[in-house]
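The following paragraphs offer a guided reading of one structure, moving from individual helices to aromatic contacts and the nonpolar core. Please keep the sequence and the coordinates at hand while reading.

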Amino acid sequence: LITKALVSHVKSSSPDPKTLRSGASALNNMCTASSPSQLSAVSSLLSAPHPSPLCTLYVEVSICSDLSEADKRSVFLRLAALLHAGVIGQQGRVVSLIAADRVLVANLLRNILPTPTVGGEDDLTEWLSNLLTSATRIPDQFQLFYDAVSSSADTFTPEQVVLLHSLEGSVDGALNDPSGNKAFVTISLLVFLAEGLIKAHADKACRLSTSVLPLLCGTLGIALSIMPELGADLFANCGERLMAAVFAILEKGEGLESGLRISCLRLAANVLYKNGAAQLALRREDVWALLNSTNSSSLEDLTMREWAVVAVRNATEGSERNQGYIEDLQKQSDKRAR
């Protein structure tokens with residue numbers, strides 16, 4: 001009833017920002033208490049029929065010409081806090097309801113798009129970042145958000161870039177917090193990231209591919225650092241295509257941005273870790289590319305060199321074939337030296 005009243009007020013001839021803020025605050029207060037009955041109010045605001053009552057309010061506030069941007073963001077902040085409380089309280093159920101409403105997801109993410117990465121320009125951005133972080137840490141829920149803002153043209157969207165930044169932060173946080181939740185790093189998430197990387201590498205015509213590629217490569221490499229035991233399953237799903245894309249990127253050599261090169265080396269190292277099938281998939285040129293990446297001696301490339309060394313070790317450990325590739329290269333080098 002409160003939500004419908006607020007929608008009617010927004011549509012009136014002269015909506016009052018103070019009334020809207022008070023109404024949104026009332027909704028937030030009722031939905032953020034800890035009791036199950038009050039938390040269930042979040043679900044009712046997001047439930048069918050679509051568009052949901054909350055989505056309708058969000059959209060009407062967005063398009064209202066009588067409200068300033070500051071007033072709109074003030075209302076959105078309260079609604080974001082409400083949604084975050086629902087995700088924390090009911091987790092998968094609320095995330096699924098949010099993700100099912102494509103219009104709501106798109107509007108949420110567009111409030112973050114002015115910032116280059118997810119995080120802290122103002123209170124609204126912070127609340128939405130918290131919402132996305134909490135949502136991405138629930139197993140197999142990230143893909144729901146991502147698909148909700150997909151493009152009919154099968155290209156990457158700005159909203160998807162925002163989501164990938166959020167996922168990168170969640171994965172990086174899980175790596176740096178040994179006691180944190182790692183259950184969201186599932187094989188389905190790894191395959192999803194790998195397929196996205198393969199697509200981004202192939203889709204050179206897409207303007208956003210250049211920004212998506214480092215995100216996918218870096219996030220997948222970190223995720224495998226968290227759950228190295230999933231490397232074999234990932235390779236069984238799409239490993240050969242993934243490694244072909246990674247080494248095609250590395251072949252760009254000196255023209256490759258150092259951050260992306262480091263991400264590729266880290267990803268290759270983690271896929272190859274104790275993975276005989278991945279070792280067998282390497283070509284002679286791939287092993288040499290890894291070895292060549294160890295030659296950097298500058299301080300700024302120290303991280304790249306370290307990951308290259310790890311990748312070479314993982315590529316050759318227990319693999320006489322790959323060890324032979326390096327020996328062949330050494331013999332060729334000796335001949336040229338003579």
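Helix 14, covering residues 258-272, has 15 residues, which at 1.5 Å a residue should span 21 Å; its end C-alpha atoms are 21 Å apart, in agreement with that value. The model under discussion is a predicted one. Of the 15 residues of helix 14, 13 are buried, so the helix is largely enclosed by the rest of the structure. Its N-terminal end is capped by Glu257, a side-chain oxygen of which lies 3.0 Å from the backbone nitrogen of Gly259. Just after the helix, Lys274 adopts a positive phi of about 50 degrees.

Helix 10 may be examined in a similar manner. With 19 residues (158-176), helix 10 reaches 27 Å from its first C-alpha to its last, close to the 27 Å expected at 1.5 Å a residue. Its buried residues include Val161, Val162, Leu163, Leu164, Leu167 and Val171, and among them are also Glu159, Gln160, Ser166 and Ser170. Against which helices do the buried residues of helix 10 pack? They pack against helix 7 (102-110), helix 8 (123-136), helix 9 (142-148), helix 11 (187-202) and helix 12 (209-226).

Two of these neighbours, helix 9 and helix 11, take part in the aromatic contacts described next. A search of the whole structure finds four aromatic pairs. In one of them, the ring centres of Phe142 and Tyr146 are 5.9 Å apart and the planes stand at 35 degrees, so the pair is classed as tilted. Both residues belong to helix 9 and are four residues apart, about one turn of the helix. An α-helix has 3.6 residues a turn, so residues three or four places apart point the same way. Phe142 and Tyr146 are both buried.

Phe142 also forms an edge-to-face pair with Phe192, at 5.7 Å centre to centre and with 75 degrees between the planes. Because Phe142 lies in helix 9 and Phe192 in helix 11, this pair ties together parts that are 50 residues apart in sequence. Phe142 has a relative accessible area of 2% and is buried; Phe192, at 19%, also counts as buried, because the cut-off is under 20%. Ring pairs thus link Phe142, Tyr146 and Phe192 into a cluster. A further ring contact involves Lys199, which lies over the face of Phe156 at 4.5 Å from the ring centre.

The largest nonpolar core comprises 109 residues, and those touching the most other members are Leu46, Ile98, Phe145, Leu234, Leu242, Leu267 and Leu290. Leaving aside residues up to four places away in sequence, Leu46 touches Ser52, Leu54, Leu83, Val94, Leu97, Ile98 and Leu104.

How values were computed: Residues are numbered from 1 along each chain as its sequence is written. This is a predicted model: local features need pLDDT of at least 70, side-chain atom pairs count only at pLDDT 80 or more; totals for chains, interfaces and linings use all residues. Side-chain values use heavy atoms; hydrogens and water are left out. A nonpolar core is a set of buried Ala, Val, Leu, Ile, Met, Phe, Trp, Tyr and Cys residues joined through side-chain atoms within 4.5 Å. Buried means under 20% relative accessible area, exposed over 50%, partly exposed in between (1.4 Å probe, protein chains only). Contact means heavy atoms within 4.5 Å. Helices (H or I, at least four residues) and strands (E, at least two) are DSSP runs, numbered from the N terminus. The expected span of a helix is 1.5 Å times one less than its number of residues. Rings of Phe, Tyr and Trp (its six-membered ring) pair if their centres lie within 6.5 Å; planes under 30 degrees apart count as stacked, over 60 as edge-to-face and the rest as tilted. A charge sits over a ring if NZ of Lys or CZ of Arg is within 6 Å of the ring centre and within 35 degrees of the ring normal. A polar contact is a pair of N or O atoms within 3.5 Å; within protein, one must be able to donate a hydrogen and the other to accept it, and residues adjacent in sequence count only if both atoms are side-chain atoms.
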